Amino acid sequence: MAGYKPSVISLTKRQGHTFGFYLRVEHGEEGHLIRCLEMGGPAELAGMKDGGRILRVNGTFVDELSHSEVVDMVRNSGPTVTFHILDEASYVQAKAQEVNLSNPQSTPVANGVSKQDLKPKLCYLVKSSSGYGFSLRSEKSEPGLFMTEVMQGSVADRAGVNVKDRLLEVNGESVEGATHEQVVEKIKLSGGSIMFLLVDEETDRQYQNKKIGAWLATAKHLPHQPRITDITKGPDGYGFLLKEDVNQKFHFLKDIDRGSPAERAGVKEMDRLVAVDGKEVEECNHGQVVDMIRQSGNKCCLLVVDKATDQMYKQGKVSPMLFLEETAGDSSSPPSYTEALNLPAPCAAIHTCSGEGGGAQA
């Protein structure tokens with residue numbers, strides 16, 4: 001597809017929200033059109049333009065599929081979906097020249113930021129006898145609170161905190177607009193550990209005038225990480241029992257059989273199950289999770305967290321799914337073919353759009 005390079009945009013929406021655009025087919029127009037961009041929505045912030053044509057959804061070429069098929073693909077992608085998009089003028093010209101649009105050439109973008117660009121970062125600090133090892137400053141000429149005097153070898157230094165990092169969240173709560181005194185008090189009340197969402201100078205400029213949250217952050221600095229376990233069923237099954245905490249809708253793996261596929265895959269007693277084959281299970285009941293595992297056939301991929309990791313992520317009010325998304329983004333496969341995670345879609349995610357042709361809100 002010489003001369004035509006679609007952009008690859010990965011969008012993530014919050015539960016109960018949309019991606020902020022309508023997917024349309026229109027009489028007299030070819031392709032799947034982007035219309036009705038919501039101002040400030042994920043799609044607009046990511047750089048989608050009115051009239052752009054969606055060529056691929058999660059790596060699958062859709063230009064020759066029906067509107068309903070594409071809508072279903074978006075719906076079934078859940079809160080994260082990856083699009084290959086060609087601008088309107090290039091698409092019309094390519095069609096006129098009978099160019100093969102199924103040949104991907106692309107520049108990956110995630111919620112408006114290219115994959116090569118920097119991300120906000122989550123940093124988890126556990127207080128030592130000498131404290132955390134940083135100070136906070138604020139300046140009248142510059143909004144926000146900034147890290148200063150990060151002592152070399154201190155808790156903050158080892159956690160990934162750098163001088164001039166701007167503080168966005170403390171334990172999952174925004175501190176933008178808070179006073180220096182309010183933030184210091186919040187840190188004191190946190191006890192012996194704390195989770196920060198920080199952004200350095202370059203990344204801050206990159207996200208200028210855009211909403212920044214933990215859903216965009218890198219988790220690579222965190223000391224405890226979830227585990228991805230691929231388990232192949234043996235003659236006696238996987239070798240674990242599933243236990244549900246009914247009050248919190250959490251699912252735990254227990255009674256791990258010695259020498260079983262689960263033990264060999266690294267599953268530990270009372271690991272919390274976060275996802276099955278990339279699908280988050282927190283909102284599922286026990287029977288639904290059991291069915292998900294059964295439907296995996298003879299092999300399933302589980303995302304699990306031990307107690308320390310679970311508590312750390314909960315303190316930051318961030319899902320361990322962030323780790324899985326980041327791991328998927330670092331896949332060794334070509335970026336243009338890296339599929340978005342197939343997470344369960346929120347109810348009523350797509351609505352009919354009236355007008356000439358057909359459309360659905362994404």
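Start with D72 and R75, which form a salt bridge in this predicted model, their closest N and O atoms sitting 3.8 Å apart. Both belong to helix α2, which covers residues 67-75. They are 3 residues apart, about one turn of the helix. Neither end of this pair counts as buried: D72 is partly exposed because its relative accessibility, 38%, falls between the 20% and 50% cut-offs, and R75 is partly exposed too, at 32%.

Now jump to helix α9, residues 307-315, where D310 and K314 lie 4 residues apart, again about one turn of the helix. These two also make a salt bridge, with the closest N and O atoms 3.2 Å apart. What about burial here? D310 has just 6% relative accessibility, so it counts as buried, while K314 is partly exposed at 39%. So this bridge joins a buried acid to a partly exposed lysine.

Next, have a look at R24 and E26. Their side chains meet in a salt bridge, 3.5 Å from N to O. R24 is buried, with a relative accessible area of 7%. E26 comes in at 19%, and because buried means under 20%, E26 counts as buried as well. The pair doesn't stand alone, either: R24, E26, R35 and D50 are linked in a network of salt bridges. Side chains of opposite charge can pair when their charged atoms come close. Across the whole model, the count comes to 15 salt bridges.

Let's turn to the strands. β16 (residues 241-245) and β17 (residues 250-254) pair in the antiparallel sense, over 5 bridges. If you want a spot to anchor your view, pick K243: its bridge partner in β17 is F252. The two strands form a hairpin with 4 residues between them. In that turn you'll find K249, which has a positive phi of about 60°.

Finally, on to charge at the surface. Which residues gather in the patch of negative charge? They are D236, D255, D257, E263 and E269. E263 is a handy one to follow, as it lies in helix α7, a run covering residues 261-264. With 37% relative accessibility, E263 counts as partly exposed. That value also clears the bar for a patch, because patch residues need over 30% relative accessible area and no salt bridge. So the acids here are gathered with like charges, whereas D72 and D310 each have a salt-bridge partner, R75 for D72 and K314 for D310.

Key: Residues numbered from 1 in each chain as written. Predicted model: local features only at pLDDT ≥ 70, side-chain atom pairs only at ≥ 80, totals over all residues. Heavy atoms only, no water. Patch = residues over 30% accessible without salt bridge, like charges linked within 9 Å, V, L, I, M, F, W, Y side chains within 5 Å. Areas by Shrake-Rupley, 256 points an atom, 1.4 Å probe, with all protein chains shown as cover. Salt bridge = Lys/Arg side-chain N within 4 Å of Asp/Glu carboxyl O. Lys, Arg positive; Asp, Glu negative; His and termini not counted. Charge placed at Lys NZ, Arg CZ, Asp CG, Glu CD. Buried < 20%, exposed > 50% of the residue type's maximum accessible area, 1.4 Å probe, protein only. Pairing = 2+ DSSP bridges.
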